[in-house]
Amino acid sequence: MSYPPMAAPCAVRATSTPSGPVISADPLLGAASGRSLAGVSHSVDLPPVPAVPAAVPFDRGGFDRAARVLEHLPELIEIRRDLHMHPELGRQEVRTTALLKARLEQAGLTPRVLPGGTGLICDIVPEGSPAGAPLTAFRADIDALPIDDAKPAGVPYRSTVPGRAHACGHDVHTVVLLGLALVLVQAANAGALPGPVRLLFQPAEEVMPGGALDMIAAGALDGVGRIFAVHCDPKVEVGRIGLKVGPITSACDRVQLSLDGPGGHTARPHLTTDLVTAVAKMAVELPGILSRRMDPRWGVSLVWGRIASGSVANAIPQHAELEGTVRCLDLAGWREAPGALEELVAQIAETHRAKWLLDYHRGVPPVVNEEESVRLLAEAMERNAGPERVEGTEQSLGGEDFSWYLEQVPGALARLGVRAVGDTASRDLHQGTFDVDEGAIGVGVGLFAELVLGAEGGAR
């Protein structure tokens, strides 16, 4: 099948109707509204379905969840590859949103498009579910990164859009959630869905402070009792997940510091504000002083990435700038860092008689996994595949806007293994060479399905 060329990057205000965004005609989307996407063939044949690691059958209650996951896996792989070929940046995921909306509607669901025109909220409520029953929510991020796909030319699902690539695994997260939807619809039809579930297909995770705030503003957490997500991890072997109680990612904020003064001749520094010395003091002293002002257990780190001032050797400039990032391992440190940094900047600036302006741009807080939610994830994976499939993981210094959800409701993020067994190649996140073992898709769907349909009636 051929696809129309991608449109130029569009603004957030994609043309929309009350039922969702208006898209240029796309044969894939038309096909999706009438039949399974598994029936749509690309210009290359799909390889055999990758083997999903051996698992304990999870068919309790007469509903064979393992069989349903395997049933949908070929289609999910094909959709993942289509998304990989057509990546869209944050708040521009118009085609992605329309594809998902069409497939969910084909399954009998009623997804709601966010006011911005991208992203979806979709509830699955079993018949007879009591009013006010808490929803279990699952989130997937759907946006791509502004980098080139550097995989070999022979890879048939390489990005077709220059400067755009799914280099963080969001396409995998997306089809894991879509697969969960398809399984849960079948469970609901079989009377095996124990409670209501909400699926969040979130835009703009890569755009700080993150599309999670768009989702929350649209009511994504209304009535939600607990929320879960997975994130691809190329350090973890396929068939496994990594878990950690407490902070699993870090906060990351951006700071811009401007200093101003009258300037003057370098022969008479005492008559002016020596901004070069002042900005140098800021660059050298602020990181160390800040680390001593904050609790060292918070892991607060200020690192500068840019410094600029002056243009000639014998003139004191009138303006100087510093830019950098503040990263925090702990939520308490993230909350206190802006005030502490502002106080220190004021003290150094006063010493040098410099006017100052600190722009502290909030990014995201750390993702702090709730203990009970981690336990539920671990038990679901153990029931699915055995205890050896669950491993501990380290806290990452990267940011992840799933943290905004966990500021309001309990939940947890698991690291989903995507490294092929025996693979020693480096395909790290946010690199153009990033790729996954697609068997991870079935593992993710099975994990989420077990959370909802497990032995104790699901995650509540």
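This is a guided tour of a predicted model, moving from its nonpolar cores to its aromatic pairs and salt bridges.

**The cores**

Begin by selecting F138, L199, I441 and F448, which touch the most other members of the largest nonpolar core, a set of 68 residues. Next, colour helix α4 (residues 170-189), which gives the most to this core, with 12 residues. With I441 centred, display L73, L76, I77, R80, V172, V175 and V176; I441 is in contact with each of these, its neighbours within four places in sequence being left aside. A second, separate core has 55 residues, and L200, V326, I348 and F402 are among them.

**Aromatic pairs**

There are four aromatic pairs in the model. Select W334 and W404 to see an edge-to-face pair, with 5.9 Å centre to centre and 70° between the planes. W334 belongs to helix α7 (residues 331-351) and W404 to helix α9 (residues 403-406), so the pair links distant parts of the chain, 70 residues apart. Both tryptophans, W334 and W404, are buried.

Move then to F402 and Y405, a tilted pair at 5.7 Å centre to centre with 55° between the planes. Both F402 and Y405 are buried. Elsewhere, select F138, F228 and F448, which ring pairs link into a cluster.

**From W334 to R362 and D253**

Return to W334 and add R362, whose charged end sits over the ring of W334, 3.8 Å from its centre. Which residue does the side chain of R362 meet in a salt bridge? The partner is D253, at 2.8 Å, N to O. Because D253 lies in strand β10 (residues 251-260) and R362 in strand β15 (residues 355-364), this pair ties together parts that are 109 residues apart in sequence. D253 counts as buried at 1% relative accessibility, whereas R362, at 30%, counts as partly exposed.

**Further salt bridges**

The structure holds 29 salt bridges. Select D214 and R91, whose side chains meet at 2.8 Å, N to O. D214 is in helix α5 (residues 212-217) and R91 in the loop between α2 (65-85) and α3 (94-106), 123 residues apart. D214 is partly exposed, with a relative accessible area of 25%.

Next, display E407 and R335, a salt bridge in which the closest N and O atoms are 3.5 Å apart. E407 lies in the loop between α9 and β18 (411-419) and R335 in helix α7, so the pair ties together parts 72 residues apart in sequence. E407 counts as partly exposed at 35% relative accessibility, and R335 counts as exposed at 51%.

Finish with R80, R81, D171, D435 and E438, which salt bridges with shared partners join into one network.

Methods. Residues are numbered from 1 along each chain as its sequence is written. This is a predicted model: local features need pLDDT of at least 70, side-chain atom pairs count only at pLDDT 80 or more; totals for chains, interfaces and linings use all residues. Side-chain values use heavy atoms; hydrogens and water are left out. A nonpolar core is a set of buried Ala, Val, Leu, Ile, Met, Phe, Trp, Tyr and Cys residues joined through side-chain atoms within 4.5 Å. Buried means under 20% relative accessible area, exposed over 50%, partly exposed in between (1.4 Å probe, protein chains only). Helices (H or I, at least four residues) and strands (E, at least two) are DSSP runs, numbered from the N terminus. Contact means heavy atoms within 4.5 Å. Rings of Phe, Tyr and Trp (its six-membered ring) pair if their centres lie within 6.5 Å; planes under 30 degrees apart count as stacked, over 60 as edge-to-face and the rest as tilted. A charge sits over a ring if NZ of Lys or CZ of Arg is within 6 Å of the ring centre and within 35 degrees of the ring normal. A salt bridge is a side-chain nitrogen of Lys or Arg within 4 Å of a carboxyl oxygen of Asp or Glu.
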